[in-house]
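Let's take a walk through this fold and see what its side chains are up to. Have the viewer open and follow along.

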Amino acid sequence: MTSGIWTTEYFTCPDCGMNYTATKEEHSYKHSGSFECKVCKAEVHTWSGLYDFFEWKVDKKRSPVFGKKK
């Protein structure tokens, strides 16, 4: 059963800098999982608790431009 509380969370790959968004949903029982970068396969986020993440998407507004200096 869910609590009905959803939030949008923002994540950045620690290796390549690709930005992602995911929806966080609160639950009454424990969930765990992880998400891997679609570009470089690095671990972006792991979780365990009374919540879960779904609808992982590339955050196109914040995506890095490859080949340019920061």
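## Rings that find each other

Before getting to the aromatics, one bit of vocabulary: rings of Phe, Tyr and Trp, with the six-membered ring used for Trp, count as a pair if their centres lie within 6.5 Å. Planes under 30 degrees apart make a pair stacked, over 60 edge-to-face, and the rest tilted. With that in hand, look at this predicted model and pick out Phe11, Tyr20, Phe35, Trp47, Tyr51, Phe53 and Trp56, which form one aromatic cluster. Searching the whole structure turns up nine aromatic pairs.

Take phenylalanine 11 and phenylalanine 53. Their ring centres sit 5.6 Å apart with the planes at 80°, so this is an edge-to-face pair. It links distant parts of the chain, since phenylalanine 11 belongs to strand S1 (residues 2-12) and phenylalanine 53 to strand S3, 42 residues apart. Both partners are tucked away: phenylalanine 11 counts as buried at 11% relative accessibility, and phenylalanine 53 is buried with a relative accessible area of 8%. Phenylalanine 11 also pairs with tryptophan 56, where the centres are 4.9 Å apart and the planes are at 40°, so that pair is tilted. Tryptophan 56 is in strand S3 and phenylalanine 11 in strand S1, so the pair ties together parts 45 residues apart in sequence.

Tyrosine 51, another member of the cluster, has company of another kind. Lysine 24 lies over the face of its ring, at 4.4 Å from the ring centre.

## The overall layout

Now zoom out. The chain has zero helices and three strands, so to speak a plain β-β-β pattern when read along the sequence. Of its 70 residues, 30% count as buried. Among contacts with a separation of 6 or more, 49% are between residues 24 or more positions apart. The chain exposes about 5,000 Å², and carbon and sulfur atoms supply 51% of that.

## The core

Which residues make up the largest nonpolar core? There are 12 of them: Phe11, Cys13, Met18, Tyr20, Ala22, Phe35, Cys37, Ala42, Val44, Trp47, Phe53 and Trp56. Strands S2 (19-36) and S3 (43-58) are the elements that give two or more residues to this core, and S3 provides the largest share, with four. As background, nonpolar side chains tend to be buried together in soluble globular proteins.

Valine 44 is a handy place to stand in the core. Setting aside neighbours within four places in sequence, valine 44 is in contact with Phe11, Thr12, Cys13, Pro14, Tyr20, Phe35, Glu36 and Cys37.

## Along strand S2

Threonine 23 is found in strand S2. Is threonine 23 buried or exposed? At 12% relative accessibility, it counts as buried, because the cut-off is under 20%. Not counting residues up to four places away in sequence, threonine 23 touches Trp6, Thr7, Asp52, Phe53, Phe54 and Glu55.

Further along S2 comes histidine 27, which is buried with a relative accessible area of 12%. Its side chain makes two polar contacts worth a look: one with the side chain of glutamate 25 (3.3 Å), and one with the side chain of histidine 31 (3.3 Å).

Glutamate 36 is in S2 too, and at 43% relative accessibility it counts as partly exposed. Leaving aside neighbours within four places in sequence, glutamate 36 is in contact with Lys41, Ala42 and Val44. The C-alpha atoms of glutamate 36 and cysteine 13 are separated by 8.5 Å, with their positions 23 residues apart along the chain.

## Backbone oddities

Most residues other than glycine have a negative phi. Where does the chain depart from that habit? One case is lysine 41, whose phi is near 70°; lysine 41 lies in the loop between S2 and S3.

Glutamate 55 also has a positive phi, about 55°, although it is not a glycine. Glutamate 55 is found in strand S3, and at 46% relative accessibility it counts as partly exposed.

Methods:
Residues numbered from 1 in each chain as written. Heavy atoms only, no water. Core = buried A, V, L, I, M, F, W, Y, C linked by side-chain atoms within 4.5 Å. Buried < 20%, exposed > 50% of the residue type's maximum accessible area, 1.4 Å probe, protein only. Contact = heavy atoms within 4.5 Å. Polar contact = N/O pair within 3.5 Å; in protein donor to acceptor, adjacent residues only side chain to side chain. Lys NZ or Arg CZ within 6 Å of the ring centre and 35° of its normal. Areas by Shrake-Rupley, 256 points an atom, 1.4 Å probe, with all protein chains shown as cover.
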